[in-house]
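Reader: I have a chain open on my screen and would enjoy going through it with you. Could we take it one question at a time?

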Amino acid sequence: MTRAGEETYKMHEQSGRHGEVSVSIDGLPDWLDPVVRAADTVQPHQLSRFLPPESGRGRQSAVLVLFGEGARGPELLLMERAGTLRSHAGQPSFPGGALDPEDGDPATTGPLRAALREAEEETGLDPSGVQPFGVLPKLYIPVSGFVVTPVLGWWRTPSAVGAVDPAETARVFTVPVVDLTDPANRATALHPSGHAGPAFMVEGTLVWGFTAGVIDRILHFSGWERPWDRTKEVPLDWRA
């Protein structure tokens, strides 16, 4: 997918709650160009070592990686999951969740609908103001068995957001990209299981796990990453 000639890649389907959905690069701000190029060329193994099982097992899901423009420049929308949830409790994450039957085909437009639907249900955002502009390869979260499709979106028309259901979402917040790329805010998270991965200390919380991994790879392949001290470690609680 390139900006040359303002070409547009679209996937259309008429059924489902959101009706027609599409992926389009038309009218994006120039600063998103590196992300568009990265989404078009990145390979699954470059994003994570955890890829969907060849057996096809795993629950199909999607997350919305939503870029907006705030007072301090480009930013990402994140939420903090409620501490009472059975999986990934209390963790900062992208809005998202499992595909419902009405979302459609997981191989085509299903992930787009699911990402927009879940974002609306969790944060209250108006999906009509979101322009999906890319889809990253499907990834896998072994601990929960989710096969996750990250959907990249441009918050063309921002709307009010907040925790819709406190039983699911503790809070909704945005993080400036400049803070995510600040070496002072970066560290390696160490899980008691021995797993180590990127982490971001932003907005009074620690972003780690799947969400941090996707952010880390987007920053890297978009050329936004700044050198940071990978020996700086943050230990995680055994319940994480």
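**Fold, charge pairs and one loop glycine**

Author: Happy to. Please keep in mind that this is a predicted model. In this chain, residues 24 or more positions apart account for 66% of the contacts with a separation of 6 or more.

Reader: Thanks! How many helices and strands does the chain have?

Author: Both kinds of element occur here. The secondary structure comes to five helices and 12 strands.

Reader: And what share of the chain's residues is buried?

Author: Buried here means under 20% relative accessible area. The chain has 240 residues, and the buried part of them is 50%.

Reader: What share of the exposed area comes from carbon and sulfur atoms?

Author: The chain exposes about 11,200 Å². Of that area, carbon and sulfur atoms supply 52%.

Reader: Let's turn to charges. Which residue forms a salt bridge with Arg186?

Author: Side chains of opposite charge can pair when their charged atoms come close. For Arg186, the closest N and O atoms of the pair are 3.6 Å apart. Arg186 lies in strand E9 (residues 186–190), and its partner sits 39 residues away, in the loop between helix H5 (209–221) and strand E12 (233–235). That partner is Glu225.

Reader: Is Glu225 buried or partly exposed?

Author: The cut-off for buried is under 20% relative accessible area, and exposed starts over 50%. Arg186 is buried because its relative accessible area is 1%. Glu225 has 23% relative accessibility, so it counts as partly exposed.

Reader: Which other arginine pairs with Glu225 in a salt bridge?

Author: In this second pair, the closest N and O atoms are 3.2 Å apart. The partner of Glu225 here is Arg230.

Reader: Which residues do shared salt-bridge partners join to Glu118 in one network?

Author: One link is the salt bridge between Glu118 and Arg117, with the closest N and O atoms 3.2 Å apart. Both Glu118 and Arg117 are buried. Through shared partners, the network joins Glu118 with Asp100, Asp103, Arg117 and Glu121.

Reader: Last one: which residue, 10 residues from Gly162 in sequence, is 5.2 Å from it in space?

Author: Gly162 is in the loop between strand E7 (146–155) and strand E8 (169–176). Gly162 counts as partly exposed because its relative accessible area is 25%. Leaving aside neighbours within four places in sequence, its contacts include Glu122, Thr123 and Gly124. The residue at 5.2 Å, C-alpha to C-alpha, is Val172.

Definitions and conventions
Residues are numbered from 1 along each chain as its sequence is written. This is a predicted model: local features need pLDDT of at least 70, side-chain atom pairs count only at pLDDT 80 or more; totals for chains, interfaces and linings use all residues. Side-chain values use heavy atoms; hydrogens and water are left out. Helices (H or I, at least four residues) and strands (E, at least two) are DSSP runs, numbered from the N terminus. Buried means under 20% relative accessible area, exposed over 50%, partly exposed in between (1.4 Å probe, protein chains only). Contact means heavy atoms within 4.5 Å. Accessible areas come from the Shrake-Rupley method with a 1.4 Å probe; for residues, only the protein chains shown count as cover. A salt bridge is a side-chain nitrogen of Lys or Arg within 4 Å of a carboxyl oxygen of Asp or Glu.
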